[in-house]
Amino acid sequence: MTISTTEKSFFDLHISGLGYLNRIREVKPKKGDAFLACDIAALNGPSDDASYVRFDTRVSGSEAQHLVRRCIDAVEAEKKVMIGFRLGDLWTDTFTYSKGKRAGEQGVSLKARLLFISWIKVDGKQVYKAETKSTDTGDHEAQTTATSVAPLSQEEPEPSTPATEAAANTSVSAVAESF
């Protein structure tokens, strides 16, 4: 007797970029479980004339939820919270404006799941950076693993060498969890 199992495979479409974190909120739908959501105003275009693309995101994964929740106070204090991010499962949602000069007009919202946060800066000061670890498969990309928060100096860090990165990763592991 032969038993065959069919595993589903998926094609992932991920969006990565940097942008400003806004409107962090707990959404409680009429049906289903409550979830954490936020908006990201992602930078797009030339650096000297960037435009913004707004994503309305559902925060997925415990690490991303933890990091976004820690940014609530800074966002509510209207500080500039910039993040490096990865989104997945992009889709569009149409809606009708209910107030303002566009009341009654149709609008489109880009929705996605916030999967990963690689770094966070609050008012230009880096307060979080995910640790990276090279893969053993010869892949040129670094695979991101467990994350820590490290207080950083006011100046931007100088480019590091593999030896200084190894030392930094060791010290980052011992740093406290808050910023």
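# A buried salt bridge and the strands around it

Asp 39 makes a salt bridge with Arg 25, and the closest N and O atoms of the two sit 3.6 Å apart. That pair connects distant parts of the chain, since Asp 39 is in strand E2 and Arg 25 is in strand E1, 14 residues away. Both Asp 39 and Arg 25 are buried. Keep in mind that what you're looking at is a predicted model. Here's a quick tour, starting with the whole chain and then coming back to those charges.

**The chain as a whole**

- Count up the secondary structure and you get three helices and seven strands.
- Going from the N terminus, the elements come in the order β-β-β-α-α-β-β-β-β-α.
- The chain has 179 residues, and 28% of them are buried.
- Take the contacts between residues at least 6 apart in sequence: 53% of these join residues at least 24 apart.
- About 12,900 Å² of the chain is exposed, with carbon and sulfur atoms supplying 51% of that area.

**How the strands line up**

- Strand E1 covers residues 14-27 and pairs with E2 in the antiparallel sense, over seven bridges. In this pairing, Glu 26 is found opposite Leu 36 of E2.
- On to E2 and strand E3 (residues 51-59): these two are antiparallel as well, with eight bridges between them. Here Asp 39 stands opposite Asp 56 in E3.
- E2 and E3 form a hairpin with six residues between the strands, and Gly 45 in that hairpin has a positive phi near 100 degrees.
- E3 also pairs with E5, this time in the parallel sense and over five bridges. Look for Phe 55, whose bridge partner in E5 is Leu 110.
- E5 pairs with strand E4 (residues 81-96) too, in the antiparallel sense, and that pairing runs over 14 bridges. Val 81 stands opposite Val 122 of E5.

**The charged network**

- Side chains with opposite charges can pair when their charged atoms come close. The total for this structure is eight salt bridges.
- Arg 25 turns up again in a salt bridge with the side chain of Asp 56, at 2.6 Å from N to O. This one also links distant parts of the chain, with Asp 56 in strand E3 and Arg 25 in strand E1, 31 residues apart.
- Asp 56 has a relative accessibility of 10%, so it counts as buried.
- Asp 56 forms a salt bridge with Lys 111 as well, where the closest N and O atoms are 2.9 Å apart. Because Asp 56 is in strand E3 and Lys 111 is in strand E5 (residues 106-122), this pair ties together parts of the chain 55 residues apart in sequence.
- Is Lys 111 buried or exposed? Its relative accessibility is 18%, so Lys 111 counts as buried.
- Put the shared partners together and you get one network of salt bridges, made up of Arg 23, Arg 25, Asp 39, Arg 54, Asp 56 and Lys 111.

**What's tucked away and what shows**

- How many of the 10 residues of E2 are buried? Eight are, so E2 is largely enclosed by the rest of the structure.
- One residue to look at in E2 (residues 35-44) is Leu 43. With a relative accessibility of 31%, Leu 43 counts as partly exposed, because the buried class is limited to values under 20%.
- Leu 43 joins Leu 18 and Tyr 52 in a nonpolar patch on the surface, and together the three have about 270 Å² of accessible area.
- Which residues of helix H1 (residues 62-70) are buried? They are Ala 64, Leu 67, Val 68 and Arg 70. These residues sit on the same side of H1, because they cover an arc of only 160 degrees around the axis.

How values were computed. Residues numbered from 1 in each chain as written. Predicted model: local features only at pLDDT ≥ 70, side-chain atom pairs only at ≥ 80, totals over all residues. Heavy atoms only, no water. Patch = residues over 30% accessible without salt bridge, like charges linked within 9 Å, V, L, I, M, F, W, Y side chains within 5 Å. Areas by Shrake-Rupley, 256 points an atom, 1.4 Å probe, with all protein chains shown as cover. Salt bridge = Lys/Arg side-chain N within 4 Å of Asp/Glu carboxyl O. Helix = DSSP H or I, 4+ residues; strand = E, 2+ residues; numbered from the N terminus. Buried < 20%, exposed > 50% of the residue type's maximum accessible area, 1.4 Å probe, protein only. Arc of directions from axis to C-beta. Contact = heavy atoms within 4.5 Å. Pairing = 2+ DSSP bridges.
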